[in-house]
Amino acid sequence: MDLAPIFAPGGTLEKAVEGFRHRPEQAEFAQAVMEAIQSKGALIAEAGTGTGKTFAYLVPALLSGGRVIVSTGTKTLQDQLYHRDLPHVREALSATVDVALLKGRANYVCLHHLEEASAQGTFGSREEALELQKIRRFAATTMSGDRSDCADVAESSPAWARATSTRENCLGSACRHYQECFVMKARKRAAEADLIVVNHHLFFADVVLRDEGLADLLPSAETVIFDEAHHLPDVARLFFGQSLSTTQLLELARDTRLAEAQHAKESTQLGEAAAALEKAARDLRLSLGASPGRIAFNALRSREAFDAALGDVVGQLAVLRERLAAQEERAEELRNCRIRADECIARVAEWNGPDERPREDAYGEDAGAGIVRWIEAYPQSAVLYATPLDVGRIFQGQVKGEPRAWIFTSATLSVNGDFTHYQAEMGLAEAKTHSWPSPFDYQRQALLYVPEGLPDPNTEGYVEAVIDAAWPVVRSSGGHAFLLFTSLRSMDRGHDLVAARLAREGLEWPLMLQGTAAKSELLERFRRSPNAILVGSQSFWEGVDVKGEQLSVVVIDRLPFNPPDDPVLAATIERINRGGGNAFMDYQVPRAVISLKQGAGRLIRDEADRGALVICDPRLVEKSYGRRIWQALPPFRRTRKLEEVEAFFGAARTPPGETSGAG
């Protein structure tokens, strides 16, 4: 099928979609997707910012005639795709394709748990009680039950934990609200649709459930399209591995007490066992020490204390499981808690097995040293992980398992057009690859500035040096800047330094910090505030779209190499080097490139945008690998001279309090 007339000047899309512009790259991309769908092949497609990749894959998806699953990296993009982009394309094509939106169960109100929480009447705060009442009113009127549609209650509200379910505590068909269940309705709707919009976490949850022989979440499809596909390796590691959190143990203890209060009031044995499990879970976290962070199992400092605490968890789980088994015939809630206790015991046994024990992965093959055990400690909780290092081999089994088309797309999948790294990570050696450049005129629209005289990024006082180097650029642009840091500690320090600069110079420019409000709220405030400066970390490196002069400067503090003490990264490096490879050049540099391209992509979002990208890391120009990194970025005009950047924004400095002429 020739799709060119649809994308051509004066064609179908231009006639139907306001603001649509013909881009040859977009039409070529769409044609490649259609060919992959028709041949049931695998395509890795990188499309630079401004190519219009969403329309490029939606057109062939809607015209393919088969069922299509479109998976996105974030729920924000999922909602945008379903509510904004899909209706435009479907209407333009006059396509009679039935579409559906499906999210994980935690995104939908659970009528059973909402009822239980309301009946219990104990809340963490008065605000939580009021928000639960708002959720009840929402549940009585909504058709979807999607929490994102409940404007009165923030998605971060703790009340949602009381009003939603998890895979563990869902009662399934035994629930008396099963026929009205929002999750079941959404899944039924998806099962009947021709195109289903999901997210990567839900897609891989479905893969794992299928592999375990359990119920499917998603219907079968002839085509799967992954947008923001650069997220897939990390999501795959998460789902193809095993995990158990102290939060899961605490929730099991809480639900056991609730079930006892409702169905076994004359007994105190369940409550006592639940309290003992709760204490054991908290003690397990305490055994790791006060500092949060990621720790490899074989690098634990207090191994003896940790082993004792984990042993106590196992013991208390066994006691709770036995007492639940004795009562489970009374109610489905008690039976559900017993099943969860069994699962927790099995997960600890799997995770706590000796290193030399043969291990099999989901496909029955010996995983051996391909599994790394590690722990992530948070201030109040901890998670035990067993993570496979080679998810490519596992995912390859999915691609070859059934005849369907697989499309992987993002603005950042290659290093200078070389997809070797991504193909290796995802087991896609035989996939076709193609890269389409951005249509933007980066030489005219943007500067890449690497300040001179910066110290090594590991030097004490480096954040101060970053602000010293970046501030003249931010000052020249009159604010309108993102300052992006690779760690939260550096972000906080950078924010304090910028605040001090503004005060010292008498500038009343709005200064925003990631974490002080919801991401969406911060972005909206940034868009409407003249001279705004936003200081952030990973949350603002991607999925953020600010067009026009409002964002004229993006500052990145250092090259985004993952910390070498990260347990999964350390094990991966050791595995590659042991196999004769060069982990730094073959793995760490490509990952840094893909991440840096995402951060750089925040700057130029439209043909009319202008701005400066400031990368405050001398390694970009002083190290041999630095050339490989900056060559992979969009082809910005490059400079190391502050005067050139100031001239880019105009020779005259903007008086304090006024908006600059950037843009």
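**Exercise 1. A salt bridge within one helix**

Task: Determine which side chain meets that of Arg525 in a salt bridge, and how the two residues are placed in their helix.

Solution.
Step 1. The side chains of Arg525 and Glu521 form a salt bridge, with N and O 4.0 Å apart. The model is a predicted one.
Step 2. Both residues lie in helix α21, which covers residues 519-528. Because they are four residues apart there, about one helical turn separates them.
Step 3. Arg525 has a relative accessibility of 26% and so counts as partly exposed. Glu521, at 41%, is also classed as partly exposed.

**Exercise 2. Salt bridges between distant parts of the chain**

Task: State how many salt bridges the whole structure contains, then describe the pair Asp227 and Lys53 and the pair Arg591 and Glu425.

Solution.
Step 1. The search of the whole structure gives 39 salt bridges.
Step 2. In one of them, the side chains of Asp227 and Lys53 come together with an N to O distance of 2.6 Å. This pair connects distant parts of the chain: Asp227 is in the loop between β5 and α11 (232-240), Lys53 is in helix α4, and their positions lie 174 residues apart in the numbering.
Step 3. To classify these residues, use the cut-off for buried, which is under 20% relative accessible area. Asp227 has 0% and is buried. Lys53 has 19% and counts as buried.
Step 4. Arg591 forms a salt bridge with Glu425, and their closest N and O atoms are 3.4 Å apart. Here too the pair links distant parts of the chain, with Arg591 in helix α23 (residues 583-600) and Glu425 in helix α17 (residues 420-426), 166 residues apart.
Step 5. Arg591 and Glu425 are both buried. They also belong to a network of salt bridges that includes Asp234 and Arg237.

**Exercise 3. The sheet that contains β3 and β11**

Task: Give the strand order of the open sheet that contains β3 and β11, and explain why one side of each of these strands is left without a neighbour.

Solution.
Step 1. The sheet has seven strands, ordered β3-β4-β2-β5-β10-β1-β11, with parallel pairing.
Step 2. The edge positions belong to β3 (99-101) and β11 (432-436). Each has a single partner strand, so one of its sides has no neighbour in the sheet.
Step 3. On average, neighbouring strands of this sheet are turned by 15° against each other, direction ignored.
Step 4. β3 runs parallel to β4 (residues 195-199), and three bridges join the two. Leu101 is placed opposite Val197 of β4.
Step 5. Helix α4 (residues 53-63) packs on the sheet and touches β1 (42-47), β2 (68-72), β4, β5 (223-226) and β10 (405-410). The directions of α4 and β10 make an angle of about 165°.

**Exercise 4. The sheet that contains β14 and β18**

Task: Find the strand order of the open sheet that contains β14 and β18, and name helices that pack on it.

Solution.
Step 1. Seven strands make up this open sheet, in the order β14-β15-β13-β16-β17-β12-β18, and they pair in parallel.
Step 2. β14 (511-513) and β18 (637-639) are at the edges. Each has a single partner strand, so one side of each lacks a neighbour in the sheet.
Step 3. The average turn between neighbouring strands of this sheet is 15°, direction ignored.
Step 4. β13 (residues 481-484) and β15 (residues 533-536) run parallel and are joined by four bridges. Leu483 has Val535 in β15 as its bridge partner.
Step 5. Helix α20 (residues 488-504) packs on the sheet, in contact with β13, β14 and β15, and its direction makes about 170° with that of β14.
Step 6. Helix α21 packs on the sheet as well, touching β13, β14 and β15, at about 165° to the direction of β14.

**Exercise 5. Cysteines and disulfides**

Task: State how many disulfides the structure holds, and explain why Cys337 is not bonded to Cys344.

Solution.
Step 1. The number of disulfides is zero.
Step 2. A disulfide needs two cysteine sulfur atoms within 2.5 Å. The cysteine sulfur closest to that of Cys337 is in Cys344, 10 Å away, which is too far for a bond.
Step 3. Cys337 is buried at 2% relative accessibility. Cys344 is buried too, with a relative accessible area of 7%.

**Exercise 6. The surroundings of Arg338**

Task: Decide whether Arg338 is buried or exposed, and name the side chain with which its own makes a polar contact.

Solution.
Step 1. Arg338 is located in helix α15 (residues 332-351).
Step 2. Its relative accessibility is 15%, so Arg338 counts as buried.
Step 3. The side chain of Arg338 makes a polar contact of 3.0 Å with the side chain of Glu328.
Step 4. Leaving aside residues up to four places away in sequence, Arg338 touches Arg321, Leu324, Ala325 and Glu328.

Methods
Residues are numbered from 1 along each chain as its sequence is written. This is a predicted model: local features need pLDDT of at least 70, side-chain atom pairs count only at pLDDT 80 or more; totals for chains, interfaces and linings use all residues. Side-chain values use heavy atoms; hydrogens and water are left out. Buried means under 20% relative accessible area, exposed over 50%, partly exposed in between (1.4 Å probe, protein chains only). Two strands pair if DSSP finds at least two bridges between them. Axes are lines fitted to C-alpha atoms, for helices over the stretch in contact, and angles run from 0 to 180 degrees between N-to-C directions. Contact means heavy atoms within 4.5 Å. A polar contact is a pair of N or O atoms within 3.5 Å; within protein, one must be able to donate a hydrogen and the other to accept it, and residues adjacent in sequence count only if both atoms are side-chain atoms.
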